[in-house]
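Trainee: Could you take one part of this model and go through it with me slowly, and then show me how the surroundings of that part fit together?

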Amino acid sequence: MGTEVLTGWGRTAPTTAEVVRPADAGSAAAMLASPGSRGVIARGLGRSYGDAAQNAGGTVVATAALDRMSWSDEAAGLLAVGGGTSLDAILRALVPRGWFVPVSPGTRWVSVGGAIAADVHGKNHHAEGSFASHVTSLTLATPAGTREVTPSDDPDLFWATAGGMGLTGIILGATLRMLPIETSRVRVVTERAADLDDVMARMSSGDAGHRYSVAWIDCLAQGRALGRSVLTRGDHARVDELPAAARQHPLRFDPSSHLSVPAFVPGLVNRTTVRLFNEGWFRKAKSHATTIEPISSFFHPLDAVRGWNRLYGPGGFVQYQFVVPLAAVDIVQTTLQRLSALRLPSFLAVLKRFGPADPGPLSFPMPGWTLALDLPARLGGLAAFLDTLDELVAGAGGRVYLAKDGRLRPDLLAHMYPRLGEWKAVRDRVDPQGVLQSDLARRLGLTLQRRAA
Amino acid sequence: MNDALGAPQSVLVLGGSSELARAILRRLVARRARTVILAGRDPERLKETAAELLTLGAETVETLSFEATETAGHQSLIDDVFGRHGDIDLVLFAFGTLGVPERDATDATGAAEVAAVNFAGSVSAGIAVAGHLRRQGHGTLMALSSVAGVRVRPSNFVYGSSKAGMDAFFQGLRHHLEGSGARVVVVRPGFVATRMTAGLKPAPFATTAEDVAECVVRGLETGEDLVWAPPVLRWVMAAVKLLPTAVFRRLPG
């Protein structure tokens, strides 16, 4: 236990907290029994970009030791894991035995507790929904005690926890419905799209034919090339689709990090480096090709570079991700236009077409277009730019993703998440004293504030 | 909380009737500031600023009396503000006096008053605020210093030395608070045309309260520890510091 300075993955807004590292679920739950005046929040692998897993002046419970993993029903693919178990650990253990996680975000370095608390999504959202849809039960430590929560026996609490940013309790464990796979490879179809209309048309008509789909947009392209992108779609490969040499060990899985960013680097992300990178990346993509790729390079390309967030330098960066209804295509277009007009150096933006939402009142995904952008925080002028985007997004009936947020104007939250009141009522029921607290909760007014005694 | 781009939601201003503070607050309220506590000496001006901030979108604005030289009361005043309002994301040290430079050069009482307000008042209130920021694990302390303290000039050496002292104090406090989650930002404006400087001949690189406020808010967004206003003063003052004494003494103004 000790005082530590914490930030999210974007390395903005550092605050300090007492970080405790309980050795087991019982001692993690006990942290809620005698909280200090500034409350408690759980922290997994710290991949939320903003301030969700920090608690200034209070207690942060690191869940890394809650990493158990066992089959609860192997035939049905039901896996019981601790809240601190990383997707990396699950994949290393189970891909070789023919199982994949039901939903994978862009990194394996997230904990199961974090994945549920943010209700993360992946490239299969259009087909399979978000992470919590594949959770059959969870063990939740609340200030009133620890309980099993399933979608059938307490749907309100289950779905308030899915996307609830850790503010309903500490997720000690969960049971996941795993996906059987024949190989550790993905059959990937890559297409270049000339502009935004082109890529959206391809996604609208063709996503249903693939389990996974995502497009990467070159944000610096302007004019007629606005929205030029590379669309990659894939499906788990069957053994007979592998090259002959790979068929011997179809489930081989050994992702590694070859590169590492040193602890202290000046910001390397600027208009010139981004332009060069984006141009090279677009030209490298074939106009149409089918390839067989390892799971790690298809799902987690950035995991190959350890500490890639440090490329943005000491000032950190902001990831801005929103979703707008399918009809509000113009918001995506306007965002790209403004981004390229301002010459803001964003690496590739990620575009995805979401499928149906799950029932979580604070769960981010909803049917529509989602766009994610990384922007250096120290640009100057970024605050006003993003505030304007928030209003456009809220006005179109869309929302921003709290797991990435560090700067939303609080009064817009209820517009973006119209069921916020319903969520708060459930939250306050399990935590009437406001024991669960985080910087995100204070900033957005999600919890009752305790006053120092 | 301060957001990822340095915008505070709650602000305490010591020296709340200062024109610089008012210009800064207008911009902060336009961003995220909803709670503002104005502590100062002139109740009429404080009320005026409070009314303006409410029309600009602030939700809670409180005014209270603060006297820089009454250091004995600083701790309890600061305790009271943090106790009643909860977290304060930004504490702005905006009080200060120019004194009467020609008089203070030879008048012990006047000179001591300048030192008491600008230096001793900052030290006392600064320590009281730092304890709360450390406890809450976050927050920014922003001190309005002056280029007059960078190299103290004969024409206003009493004022300049008091600013040099407070500037050094806050730089030291920054190091002391390292690892606490609290941040200390020192702002060094040049000659600013305000009530305080009315009647004085503007120095080179003179600026306005609005321009200083712009630099300050941008500095919060980009995460600067030391903000010069206008920014060019960083280089001008670096050069001034290197001037031989004989030349420095003869600079105009």
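Mentor: What follows is a walk through a strand and its sheet, then a helix and its domain, and then some further places in the two chains. Please keep in mind throughout that this is a predicted model.

Let us begin with strand β18 of chain A, which covers residues 317-324 and is mostly covered, since eight of its eight residues are buried. In a regular strand the side chains alternate between the two faces of the sheet. On one side of β18(A) you will find A:Phe317, A:Gln319, A:Gln321 and A:Val323, while A:Val318, A:Tyr320, A:Phe322 and A:Val324 are on the other, and both of these faces are covered.

The next step is to look at what β18(A) pairs with. Strands of a sheet pair through backbone hydrogen bonds, either parallel or antiparallel. Strand β20 of chain A, residues 368-376, runs antiparallel to β18(A) and is joined to it by eight bridges; to find your place in this pairing, look for A:Gln321, which stands opposite A:Ala372 in β20(A). Strand β21 of chain A, residues 399-400, also pairs with β18(A) in the antiparallel sense, over two bridges, and here A:Val323 has A:Arg399 as its bridge partner.

These strands belong to an open sheet of eight strands in chain A, with antiparallel pairing and the order β16-β12-β14-β13-β19-β20-β18-β21. Because β16 (288-294) and β21 of chain A each have a single partner strand, they stand at the edges, and one side of each is left without a neighbour in the sheet.

Now turn to a helix, where burial has another pattern. In α12 of chain A, which spans residues 420-430, the buried residues include A:Trp423, A:Val426, A:Arg427 and A:Val430. Seen down the axis of α12(A), the buried residues fall within an arc of 100°, so they line one face of the helix. An α-helix has 3.6 residues a turn, so residues three or four places apart point the same way. The other side of α12(A) carries A:Gly421 and A:Ala425, which are exposed. Among the elements that cover the buried residues of α12(A) are β8 (135-142) and α5 (155-161) of chain A.

To place this helix in its chain, it helps to know the division of chain A into domain 1 (2-64 + 419-444), domain 2 (69-180) and domain 3 (185-409). Between the C-alpha centres of domain 1 and domain 2 of chain A there are 19 Å, and the contact between these two domains of chain A involves 26 residues of domain 1 and 28 residues of domain 2. On the side of domain 1 of chain A that touches domain 2 of chain A, the elements giving two or more residues are α1 (25-30), β3 (40-43), α12 and α13 of chain A. It is α12(A) that gives the most to this side, with four residues. By class, this side of domain 1 of chain A has 18 nonpolar, five polar and three charged residues.

The contact between the two chains can be read in a similar way: chain A brings 27 residues and chain B brings 22 residues. On the side of chain A that touches chain B, at least two residues each come from β2 (15-20), α10 (382-395) and α13 (439-444) of chain A, and this side divides into nine nonpolar, ten polar and eight charged residues.

Finally, consider the backbone itself. Most residues other than glycine have a negative phi, and most peptide bonds are trans. A:Ala13, in the loop between β1 (2-6) and β2 of chain A, has a positive phi near 45°, and A:Ala13 counts as buried because it has 28 C-beta neighbours inside 10 Å. In chain B, B:Phe205 also has a positive phi, near 60°, and lies in the loop between β7 (192-193) and β8 (207-208); with 16 C-beta neighbours inside 10 Å, B:Phe205 counts as partly exposed. A cis peptide bond, with omega about 0°, joins B:Ala229 to B:Pro230, and B:Pro230 is in the loop between β9 (226-229) and α8 (233-242) of chain B.

Conventions. Residues numbered from 1 in each chain as written. Chains lettered and ligands numbered in written order. Predicted model: local features only at pLDDT ≥ 70, side-chain atom pairs only at ≥ 80, totals over all residues. Contact = placed C-beta atoms within 7 Å. Nonpolar A, V, L, I, M, F, W, Y, C, P; charged D, E, K, R; others polar. Buried ≥ 20, exposed ≤ 12 C-beta atoms within 10 Å, placed from the backbone. Pairing = 2+ DSSP bridges. Arc of directions from axis to C-beta. Domains from an automatic or database assignment.
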